[in-house]
Amino acid sequence: MSVSRPAAVIVLAAGDGTRMKSDLNKMLHTIGGRTLVAHALLAAAGTQAAHLAVTVRAQRERVAPQVAQIVPEAVIADQDEVKGTGRAAECALDALPPDLSGTVLVTYGDTPLLTSETLLDLTRIHESAGNAVTVLTAHLEDPTGYGRIFRGPDGTVHAIIEHKDAVKARDEGSEFQHALEIGEINSGIYAFDVEVLRTSLAKVTTDNAQGEKYLTDVLAIARDGGGRVDSHSIEDVWQIEGVNDKVQLARMGKELNRRTLDRLMRESGAIVVDPDTTWVDAEVTVGRDTVLEPNIQLKGATSIGAGATIGPDTTLTDTEVGDGASVVRTQAHLAVIGPEATVGPFSYLRPGTTLGAKGKIGGFVETKNADIGAGAKVPHLTYAGDATIGEGANIGAGTIFANYDGVAKHHTNVGKHAFIGSNSVIIAPRTIADGSYVGAGSAIEVDVKPGQIAVARGRQRNIDGWVARRRQGTKTHEAAEAALAQDQDTSEGEGTPA
């Protein structure tokens, strides 16, 4: 069966969003790792319409680049001084080819849960019924604040009655006096015959209290012109809910996250231990039987293989995790963690970190631009920056890769199966060759060749009587004197003949 696809989709994204109480345009606030307008654009682009137009105005210099980034082929239309949704749609229509024919959909940049499937269903129903206009609607138990769908005797849409007008009609006993009892509401999302929309918008005026050109006026004009106006009702009310303030933003974000987790569990086979504390962006992928422990965030383009364990208390951003890996109490950004590798707890993987298969980054380790080979270990209390660590190498506790000289960053190479003793400092740029050792506590400023052991530390000296001379009268001095006396007694006792 062929799919009915719209000729064009218009996304209205010109509003100020003043109720957001923000310096950032409403369209650029994010949920699920995407801006609101990105969600709307991806839903529109998913219809595979021949044309996509986006109307912008408020903070154009910020919104337009976001549109171009998400859907480069989209046409950007600028709304002029005339206000209203009707004018916004008209500006977009003027930017589309003049010979355009067929169905044009009008949606909004602040409805992030609207899906391509719903838009395609709207198109199909609109075209199969031969409608001039088809309104996307939903039924609510409490429709307070929404425009009501008022139907005529033939069951088609006769009018859309805004809530305040419904109150007035009830009080005055006019034609629409029972509109408040109607539970079917207008989403503001429409399918139009292109020619009907074009000719009707030309007739819409700004003769109203707000001085705006309303898109809803097109319905009455189309109906008066003999066109059929009807609706398509959906059960998923979330799809038509817009974001007007930060309370709604948070609520929509939570619902999107719930849907994302449901999809990962049902379709990908992920195991989510505690959905209430697990936040996953829309583009994240998770493999079969991977366990997502409580208190984790998976952000951006993070991808996780099968059979891995992530968390608890972990944030991964744009990070790749291989099959069977374990990442515990870790923060990682633009990192790659290989299959069956282990990370954490309390690790910080900065951009450019790559950990090979079965490698280890342990507790309280920070890495940056570090390529750590297969089976290599950086177990604990280490900073590894600008380093290449060969397969099977072992980096002892407390090792510092001193990569910055105050002016420039320098690189260190640690060879295969090399061993760096604990509490060492590698002063870059350095090469620690394959199969070499560095003694614990060394400060390495000369390259180490294969098979060598480098020891760079001062010879130990034990100075008798230093505490008695320099710390006389302290508790340390008292303890030393007592211990010395005990040692002397022991020594004398051992020298007494039997």
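## A first look at N244

Is N244 buried, partly exposed or exposed? With a relative accessible area of 23%, N244 is partly exposed. Please keep in mind as you read that this is a predicted model. To find N244, go to the loop between β11 (229-233) and α8 (246-268).

Setting aside residues up to four places away in sequence, N244 touches R19, M20, K26 and D110. With R19 there is also a polar contact, made side chain to side chain at 3.4 Å.

## D110 and the site it belongs to

One of the residues touched by N244 is D110, and the two also appear together in a record. An unreviewed UniProt entry places the feature "binding site" at D110 and N244. They span 135 residues in sequence, yet no two of their C-alpha atoms are more than 7.9 Å apart, so they gather at one spot.

D110 sits in the loop between β6 (103-108) and α4 (116-129). Its relative accessibility is 10%, and because buried means under 20%, D110 counts as buried. Not counting residues up to four places away in sequence, D110 touches K26, M27 and L36, along with E241, G242, V243 and N244. K26 is thus found in the contact lists of D110 and of N244.

## A hairpin of two strands

Next, have a look at strands β8 (residues 148-151) and β9 (residues 157-161), which pair in the antiparallel sense over four bridges. Within this pairing, I149 stands opposite I160 in β9.

How many residues lie between β8 and β9 in their hairpin? There are five, and G155 in the turn has a positive phi of about 90°.

## Two crossing helices

Helix α6 (residues 194-203) and helix α7 (residues 217-224) have axes that come within 9 Å and cross at roughly 110°. That makes α6 roughly perpendicular to α7, because angles of 65 to 115 degrees count this way.

Which residues meet where these helices touch? From α6 come V196, L197, S200, L201 and K203, and from α7 come V218, I221 and A222.

## A second annotated site

Further along the chain, the unreviewed UniProt entry gives the annotation "binding site" to A397, N403, Y404, S422, A440 and R457. Let us visit two of these, beginning with A440. This residue is found in the loop between β35 (437-438) and β36 (443-444), and A440 is partly exposed, with a relative accessible area of 39%. Leaving aside neighbours within four places in sequence, A440 is in contact with G421, S422, S424 and R457.

R457 lies in the loop between β37 (453-454) and α9 (466-470). At 52% relative accessibility, R457 counts as exposed, because the cut-off for exposed is over 50%. Beyond its neighbours within four places in sequence, R457 is in contact with G439, A440 and G441. The backbone oxygen of A440 lies 2.2 Å from a polar atom of the side chain of R457.

## D386 and its surroundings

The last stop is D386, in strand β28 (residues 377-389). D386 is buried, with a relative accessible area of 10%. A polar contact of 3.4 Å joins the side chain of D386 to that of N369.

Leaving aside neighbours within four places in sequence, D386 is in contact with K368, N369, N403, K409, H410, H411 and T412. Among them, N403 links back to the previous section, since UniProt includes N403 in the "binding site" annotation of the unreviewed entry.

Methods: Residues are numbered from 1 along each chain as its sequence is written. This is a predicted model: local features need pLDDT of at least 70, side-chain atom pairs count only at pLDDT 80 or more; totals for chains, interfaces and linings use all residues. Side-chain values use heavy atoms; hydrogens and water are left out. Two strands pair if DSSP finds at least two bridges between them. UniProt positions are given in the numbering used here, feature names are shortened, and annotations may be inferred rather than shown by experiment. Buried means under 20% relative accessible area, exposed over 50%, partly exposed in between (1.4 Å probe, protein chains only). Contact means heavy atoms within 4.5 Å. A polar contact is a pair of N or O atoms within 3.5 Å; within protein, one must be able to donate a hydrogen and the other to accept it, and residues adjacent in sequence count only if both atoms are side-chain atoms. Axes are lines fitted to C-alpha atoms, for helices over the stretch in contact, and angles run from 0 to 180 degrees between N-to-C directions. Angles under 35 degrees count as roughly parallel, over 145 as roughly antiparallel, 65 to 115 as roughly perpendicular and the rest as oblique.
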